[in-house]
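User: I'd like to learn how to read pockets, cavities and odd backbone spots in a model. Could you walk me through one?

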Amino acid sequence: MSYLSMSREAALGLREKETVRILSLETSCDETAAAVVENGRKILGNVVFSQIDLHELYGGVVPEIASRAHMEACGRVVGKALEEAGAALGEIDALAVTKGPGLVGALLTGVNYMKGLAFAAGKPLVGVNHIEGHVSANYLSHPELEPPFLCLVVSGGHSHLVEVCGYGEYRLIGRTADDAAGEAFDKAARVLGLPYPGGPRMDALAEEGDPEAFPLPRPKTAEEYGYSFSGLKTAFINLVHGMEMKGAALPKADLAASFRRAVCSQLIETAEKALLAAPGFRKQDSGLRGEGTAASAPAGGASGSGENAGAVAFALAGGVSANRELRRMAAEMCARLGVALYMPEIPLCTDNGAMIGSAAYYRLMRGEVAGLELNAMPALRLV
Ligand code: KG4
Ligand code: ZN
């Protein structure tokens, strides 16, 4: 029997199994990350090896260095994830790996490593879309969350607003016309002389600054639910250069706060417009959930009936969803609209292996397994 036929048969059998454990690996950019996840919802082991130190000197990710570092780290990180989970490879039901999008060399390292391991162990392998992984981080932080919901995916390479219609089913609502939100944060950080990766550092600095200090453009795009960050970035660069030419000390905290406000308000205003236009939208009782805690949001107009039909939920995903201002603005908006809010816990916002294991579970249950021809797909899209 071929490896693929064996995998298909095994996947069918797993549908009947009470607990399905997946060992997953993520190597699409500069984190070598592995995890063991049970039934797509429970993390048994989660290990992230960051390569930041290796790339900091160059001010960004050097693809060649990333691939080599992944090659060296894969075995160690996978071993540690299994150890943390207290599981032997034989007790794992299936393997999963990020197939794209990302850096081709980095992806290839992970894909080939997991193909080898899956074949040798005789286990089915699932190839996972990295962006779907980010969306699925919410299933780990909020075991009660189920589609449908509206999701703002904001990472270093992607800014999408999607409707999650079902597991693995997406409808594009809007996307960035140019830069991704994380990319914009990283470029603005560089202008302020902050080291790589700039996003988290801009965020920390902005906490000390005045977000209204400098007016920055809030661009309109041709698409109703589209984003654009390149004009904002240019305006920010010109503002900073103008100050430098005058020899003035840069008010870095105020600059960072103003930039962060401009990015986040564009993202949240667009999401609000989409939520208000969603067919199921109406004000109602809602839960406000973030960082693993639940808190009550104000009840809306149609509350009190106790029925939940037509509920609209909103989720954040991707590295930029760790941004403090974005989380605050999302919480404020959802409380005002009476919409349930879901955000991954901070460590699950940025790249990790657990989110890949969660996404893989729902694919595996649909019988979607990969053959040994699985390849890296650097430009893979979600929708
Ligand atoms: O999702 P992610 O880890 O990798 C990609 O799939 O791209 O996202 C990384 C991006 C980087 O651009 C990083 O600067 C940004 O997310 N990021 C942040 C914050 N934490 C990470 N941006 C703004 N504020 C943060 N707190
Ligand atoms: Zn990512």
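Analyst: Let's go through the ligand site, then the empty space, then the backbone. Keep in mind that this is a predicted model.

User: Fine. Which residues come nearest to ligand 1?

Analyst: A residue counts as near if one of its heavy atoms lies within 4 Å of the molecule. Here 18 residues surround ligand 1, and those that come nearest are His 134, Gly 156, Asp 186, Gly 319 and Asn 323. By class, the shell has four nonpolar, eleven polar and three charged residues.

User: Which helices supply at least two residues of that shell?

Analyst: Three of them do: helix H5 (130–141), helix H6 (181–191) and helix H7 (198–206).

User: What about polar contacts? Which side-chain atom lies 2.6 Å from an oxygen atom of ligand 1?

Analyst: For a polar contact, look for a pair of N or O atoms within 3.5 Å. The one you ask about is a polar side-chain atom of Asp 186. His 130 also has a side-chain N or O atom, 3.0 Å from an oxygen atom of ligand 1. On the nitrogen side, a ligand 1 nitrogen is 2.9 Å from an N or O atom in the side chain of Asn 323.

User: And how much of the ligand does the protein bury?

Analyst: Ligand 1 taken alone exposes 550 Å², and the protein buries 88% of that.

User: Now the empty space. How do I find it in general?

Analyst: You roll a probe the size of a water molecule over the atoms, and that shows where empty space is left.

User: What does the largest pocket hold, and how much space lies in it?

Analyst: The largest pocket is the space taken by ligand 1. About 1200 Å³ lies in that pocket. It has 40 lining residues, and closest to its centre are Ser 155, Gly 156, Asp 186, Tyr 196 and Pro 197. So you meet Gly 156 and Asp 186 again, as they are also among the residues that come nearest to ligand 1.

User: Which element gives the largest share of that lining?

Analyst: H6 does, with seven residues. The elements giving two or more residues are H5, H6 and H7. Sorted by class, the pocket lining comes to 15 nonpolar, 16 polar and nine charged residues.

User: How many cavities of 30 Å³ or more are there?

Analyst: The count is one, and about 60 Å³ of space lies in it. Its lining consists of Glu 132, Ser 136, Tyr 139, Tyr 167, Gly 168, Tyr 170, Ala 359, Tyr 362 and Arg 363. H5 and helix H12 (354–365) are the elements that give two or more of these residues. The classes here are five nonpolar, two polar and two charged.

User: Last topic, the backbone. What should I look out for?

Analyst: Most peptide bonds are trans, and most residues other than glycine have a negative phi. Exceptions are what you look for.

User: Which peptide bonds are cis here?

Analyst: One is the bond from Gly 100 to Pro 101, with omega near -10 degrees. Pro 101 lies in the loop between strand E4 (94–100) and helix H4 (104–121). Another runs from Pro 147 to Pro 148, with omega near 10 degrees. You'll find Pro 148 in the loop between H5 and strand E6 (149–154).

User: And where does Asn 39 lie?

Analyst: Asn 39 is in the loop between strand E2 (31–38) and strand E3 (42–50). Its phi is near 50 degrees, a positive value in a residue other than glycine.

Notes. Residues are numbered from 1 along each chain as its sequence is written. Chains are lettered from A and ligands numbered from 1 in the order in which they are written. This is a predicted model: local features need pLDDT of at least 70, side-chain atom pairs count only at pLDDT 80 or more; totals for chains, interfaces and linings use all residues. Side-chain values use heavy atoms; hydrogens and water are left out. A polar contact is a pair of N or O atoms within 3.5 Å; within protein, one must be able to donate a hydrogen and the other to accept it, and residues adjacent in sequence count only if both atoms are side-chain atoms. Accessible areas come from the Shrake-Rupley method with a 1.4 Å probe; for residues, only the protein chains shown count as cover. On a 1 Å grid over the protein atoms alone, a cavity is a set of points where a 1.4 Å probe fits but cannot get out, and a pocket is an open set with protein on both sides within 12 Å along at least five of seven lines; lining residues have an atom within 4 Å of a point. A molecule sits in a cavity or pocket if more than half of its atoms lie within 2 Å of its grid points. Helices (H or I, at least four residues) and strands (E, at least two) are DSSP runs, numbered from the N terminus. Ala, Val, Leu, Ile, Met, Phe, Trp, Tyr, Cys and Pro count as nonpolar, Asp, Glu, Lys and Arg as charged, and the others, Gly among them, as polar. Grid points are joined across faces, edges and corners, and a volume is the space filled by probe spheres set on the points.
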